[in-house]
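Good morning, and thank you for coming. I would ask you to keep the sequence and the structure in view while I speak.

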Amino acid sequence: MKCAVDIESRDVEEMYINIDPIQAGGRLTVDAMKAAIAYGDGYSVCDNCLSPFRLDYIKKPPIAQFHADLAAWLNMDAVRVVPGARRGFQAVASTYVEKGDPVIVTALAHYTEFVAVEEAGGIPREIPKDAKNHITPDAAAEKIEAVIREFSKTPPLLFIDHVDYQFGNVHDVAGIIKVAHQYDIPVLVNGAYSVGIMPVDGKALGADFVVGSGHKSMAAPAPSGLLATTNEHAQRVFRTTQAKGDVTGRTFGIKEVEMMGCTLMGVTVVGMMASFPHVKERVKHWDTEVAHSQAVTDALLSIEGTKVLSDYPRQHTLTRIDTRESFDKVAQQHKKRGYFFSSELKKRGITGVIPGSTRVWKYNTFGLTEKQIRHVGESFVEIARENGLNIV
């Protein structure tokens, strides 16, 4: 079935249990799907955009109220919606980082954090991870001191991932922020894998900035996200344009420089809004989501030779697993090689594991029902047993 001449219809979520690590938290709610149809036209939300002609002032649909609600929900003072978490990184980096400035990131940071620093002319310096794949406050302090010695100045910004994308580990963000603030370094918390799927309180963490991803963790269309900050930083990062045309004398009101005037339009912002009540409710059930993650991880660990590389017990739904001594041994002898694994999963109605992966791979159980969780766990064990692996 096609939705256009050369575009196949996507039926992944309808036909399969999807455990793709980056897609689980971005599945649209029914309300968001309806909103996508109703507001699919590019400038659809601009029907009632009146002076001062800025997205976060639009009252119908209630985009202005949505901004206020997001800020309250995250316990921050000001929020802007942005085209993905990376644009939040970009806005903060371009505001605070000058050419040649050292900027602290981590050994587990997402590549877009590096790109945001590079675009601003900064020089990234990484806090190393420990043996347990964690970023610790002590390591942060050591790196800050090392950077000050190297550059003879204090870094203007530190990025820390609340939950990293490599292992799905939850880091001591509050402890790291406390250290950074002792050096008067503002901290951006990357909540791409936390905002929208687990409880996040920005001020409890001590964050100067919280960035979230709508399409990764808030059941929103792509590209969408948010940048939240405190009153201390809002005026600077959300500065308004002072530009004036030398020929026409034109000025541009209260358009915000780092937001390029307006950010999310049409389907992205309204889809994000439509899912928001569901997102606020689902974070209250985080314990259940973690229990589901644990159940699937335990099923995999019952297969002899399998190891979990993420924290155990699990504290998040994104998990990195090592099957070099289990499924990869089968792959070495199988006629389909590593593709046997994704093929067997697909036969059982499961997708999301990269085809050919039998060594080290990731999965995400977020949003699955109890029945689906049982089926996924049992399927892993069944595939192992059918291919001669021992179940312990």
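Let us begin with a single glycine. Gly-100 is found in the loop between α4, residues 85-96, and β5, residues 102-106. Please bear in mind that what we are looking at is a predicted model. Gly-100 is partly exposed, because its relative accessible area is 26%, and the range for that class runs from 20% to 50%. Setting aside residues up to four places away in sequence, Gly-100 touches Gly-121, Ile-123, Phe-151 and Lys-153. Val-210, by contrast, lies 110 residues from Gly-100 in sequence and 25 Å from it in space, C-alpha to C-alpha.

I turn now to some details of the backbone. Which residues does a cis peptide bond join? One such bond joins Ala-222 and Pro-223, with omega at about -5°. Pro-223 sits in the loop between α9 (214-217) and β10 (225-229). Another cis bond runs from Tyr-312 to Pro-313, where omega is near 0°. Pro-313 belongs to the loop between β11 (307-308) and β12 (318-322).

Two residues other than glycine have a positive phi and deserve a look. Phe-53 has a phi near 55°, and its place is the loop between α2 (30-38) and α3 (63-74). With a relative accessible area of 47%, Phe-53 is partly exposed. Asp-184 has a positive phi of about 60° and lies in the loop between α7 (173-182) and β8 (187-190). Asp-184 counts as exposed because its relative accessibility is 68%, and the cut-off for that class is over 50%.

Next, the interior. The largest nonpolar core has 49 residues, and those with the most contacts inside it are Leu-70, Val-81, Leu-158, Ile-160, Leu-226, Val-269 and Met-272. Helix α11, residues 267-282, gives the most to this core, with six residues. A second, separate core of 25 residues includes Leu-157, Leu-227, Phe-238 and Met-259. To return to Leu-158: leaving aside neighbours within four places in sequence, its contacts include Ile-104, Ile-127, Ile-144, Ile-176 and Leu-188.

Let us consider a charged residue in the interior. Asp-164 lies in the loop between β7 (158-161) and α7. How far away is the nearest side chain of opposite charge? That side chain belongs to Arg-320 and is 6.8 Å away; Asp-164 is buried yet has no salt bridge. The absence follows from the cut-off, because a salt bridge requires the nitrogen and oxygen to be within 4 Å. Asp-164 does have other partners. Its side chain reaches the backbone nitrogen of Phe-167 at 2.5 Å, and a polar contact of 2.7 Å joins it to the side chain of His-171. Beyond its neighbours within four places in sequence, Asp-164 is in contact with Leu-108, Asn-169, His-171 and Leu-318.

Helix α12, residues 286-301, allows us a small calculation. At 1.5 Å a residue, its 16 residues should span 22 Å, and the end C-alpha atoms are 22 Å apart, which agrees. The expected span uses one less than the number of residues, so that the steps along the helix are counted. Among the buried residues of α12 are Trp-286, Glu-289, His-292, Val-296 and Leu-300. Their cover includes α11, β11, β12, α13 (327-333), β14 (360-364) and α15 (370-386).

I shall finish with the salt bridges, of which the structure holds 19. Lys-34 and Asp-31 form one of them, at 3.7 Å from N to O. Because these two are three residues apart in helix α2, about one helical turn separates Lys-34 from Asp-31. Lys-34 is exposed, at 52%, whereas Asp-31 is partly exposed, at 31%.

Arg-80 and Glu-256 meet in a salt bridge of 2.7 Å, N to O. That pair links distant parts of the chain, with Arg-80 in strand β4 (78-82) and Glu-256 in the loop between α10 (231-237) and α11, 176 residues apart. Are they buried or exposed? Both Arg-80 and Glu-256 are buried.

In a further salt bridge, the closest N and O atoms of Asp-328 and Arg-359 are 3.2 Å apart. Asp-328 is in helix α13 and Arg-359 in the loop between β13 (350-351) and β14, 31 residues apart. Asp-328 counts as buried, at 7% relative accessibility, while Arg-359 counts as partly exposed, at 46%. Lastly, a network of salt bridges links Glu-344, Lys-347, Arg-348, Glu-382 and Glu-386. Thank you for your attention.

Definitions and conventions:
Residues are numbered from 1 along each chain as its sequence is written. This is a predicted model: local features need pLDDT of at least 70, side-chain atom pairs count only at pLDDT 80 or more; totals for chains, interfaces and linings use all residues. Side-chain values use heavy atoms; hydrogens and water are left out. Helices (H or I, at least four residues) and strands (E, at least two) are DSSP runs, numbered from the N terminus. Buried means under 20% relative accessible area, exposed over 50%, partly exposed in between (1.4 Å probe, protein chains only). Contact means heavy atoms within 4.5 Å. A nonpolar core is a set of buried Ala, Val, Leu, Ile, Met, Phe, Trp, Tyr and Cys residues joined through side-chain atoms within 4.5 Å. Lys and Arg count as positive and Asp and Glu as negative; His and the chain ends are not counted. A polar contact is a pair of N or O atoms within 3.5 Å; within protein, one must be able to donate a hydrogen and the other to accept it, and residues adjacent in sequence count only if both atoms are side-chain atoms.
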